[in-house]
Amino acid sequence: MRVKICGITQPQQGKAIASLGATALGFICVPTSPRYINVEQIRAVVEQLPEEIDKIGVFANATASEITQTVVNSGLTGVQLHGDESLEFCQQLRQLLPDVEIIKALRIRSFEDTEKAETYTSNADTLLVDAYHPQQLGGTGTTLDWRMFSQFSPSCPWFLAGGLTPENIIEALTQITPSGIDLSSGVERAPGDKNLDKVAKLFEKLRSKC
Ligand SMILES: O=C(O)c1ccccc1N[C@@H]1O[C@H](COP(=O)(O)O)[C@@H](O)[C@H]1O
């Protein structure tokens, strides 16, 4: 299973989290977020990481040109679109960045929103489901009602996100089987400052489930 740890801002923490077992690291490219990191800072982290780790930039309603420039100048291997990006926008980005993974994040309010998810599978490589929050786009620590996803089976891989922690991850994975999980605020001391003990605990829990 893929394990993405999001909101990395420090090279040493990125390197440590990769060695603990993360398969993907996420970098918040949303200027209003307390976890925001600029292109030079992303490159400094990426340069310290093994090649096989996925390096995902998280954007929300950015322009295609902003995303493309950030990817090219930082060494990102994937982009997570966490705003209101349309199908057409995903398609445009796919043409501009053909070798880059496109992850479309959907902030789910109701069961009906889960049904809408399938429409994105033609233009995104991967889906990510996060909890809806009225004031913030992401990194809120709000959990989803996992029961909504018991029959969720889109025709592409999908990440479960939203308020996951080392304490609740086994309960979530007992109810549903996503292709990957994504954690941010549940493994940090403060926004953008990851708690390596919590990350280690997460991987211990995941190993105990195998
Ligand atoms: O983390 C942020 O600050 C952020 C800002 C804007 C868009 C997305 C953001 N984070 C994403 O939110 C989810 C869930 O986070 P959490 O585990 O509930 O804290 C995760 O996918 C982050 O990539």
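Between which strand and which helix does the loop that holds Gly83 lie? Gly83 is in the loop between strand 4 (78-81) and helix 4 (87-96); the first legend below shows this loop. The views come from a predicted model, in which local features need pLDDT of at least 70 and side-chain atom pairs count only at pLDDT 80 or more, while totals for chains, interfaces and linings use all residues. Residues are numbered from 1 along each chain as its sequence is written, and side-chain values use heavy atoms, with hydrogens and water left out.

**View 1. Gly83 and Asp84 in the loop between strand 4 and helix 4.**
Helices (H or I, at least four residues) and strands (E, at least two) are DSSP runs, numbered from the N terminus. Gly83 counts as buried because its relative accessibility is 8%, whereas Asp84 is exposed because its relative accessible area is 60%. Buried means under 20% relative accessible area, exposed over 50%, and partly exposed in between (1.4 Å probe, protein chains only). A contact means heavy atoms within 4.5 Å. Leaving aside neighbours within four places in sequence, Gly83 is in contact with Phe59, Ala60, Asn61, Lys104, Ala105 and Arg107; on the same basis, Asp84 is in contact with Asn61 and Arg107. Asp84 and Val72 are 12 residues apart in sequence, yet their C-alpha atoms are 23 Å apart in space.

**View 2. The surroundings of the ligand.**
The ligand is surrounded by 22 residues, and the closest are Ser33, Arg35, Gly139, Asp182 and Ser185. A residue is near a molecule or strand if one of its heavy atoms lies within 4 Å of it. A polar contact is a pair of N or O atoms within 3.5 Å; within protein, one must be able to donate a hydrogen and the other to accept it, and residues adjacent in sequence count only if both atoms are side-chain atoms. A polar side-chain atom of Asp182 lies 2.5 Å from an oxygen atom of the ligand. A polar backbone atom of Gly139 is 2.8 Å from a ligand oxygen, and an N or O atom in the side chain of Arg35 is 2.9 Å from a ligand oxygen. The protein covers 98% of the 510 Å² of accessible area that the ligand has on its own; accessible areas come from the Shrake-Rupley method with a 1.4 Å probe, and for residues only the protein chains shown count as cover.

**View 3. Ile5 in the largest nonpolar core.**
A nonpolar core is a set of buried Ala, Val, Leu, Ile, Met, Phe, Trp, Tyr and Cys residues joined through side-chain atoms within 4.5 Å. The largest one has 57 residues, and those with the most contacts inside it are Ile5, Phe27 and Ile67. Helix 7 (residues 196-209) gives the most to this core, with 4 residues. Beyond its neighbours within four places in sequence, Ile5 is in contact with residues including Ile17, Leu25, Leu183 and Leu202.

**View 4. Helix 1 and the residue that follows it.**
In helix 1 (residues 11-20), the buried residues are Gln13, Gly14, Ala16, Ile17 and Ala18. Among the elements that they pack against are strand 1 (2-6), strand 2 (24-28) and helix 7. Gly21 follows helix 1 and has a positive phi, near 130°.

**View 5. Asn195 in the loop before helix 7.**
Asn195 lies between strand 10 (193-194) and helix 7, and it counts as buried because its relative accessibility is 13%. The side chain of Asn195 reaches the backbone nitrogen of Asp197 at 3.0 Å. Not counting residues up to four places away in sequence, Asn195 touches Val187, Glu188 and Arg189.
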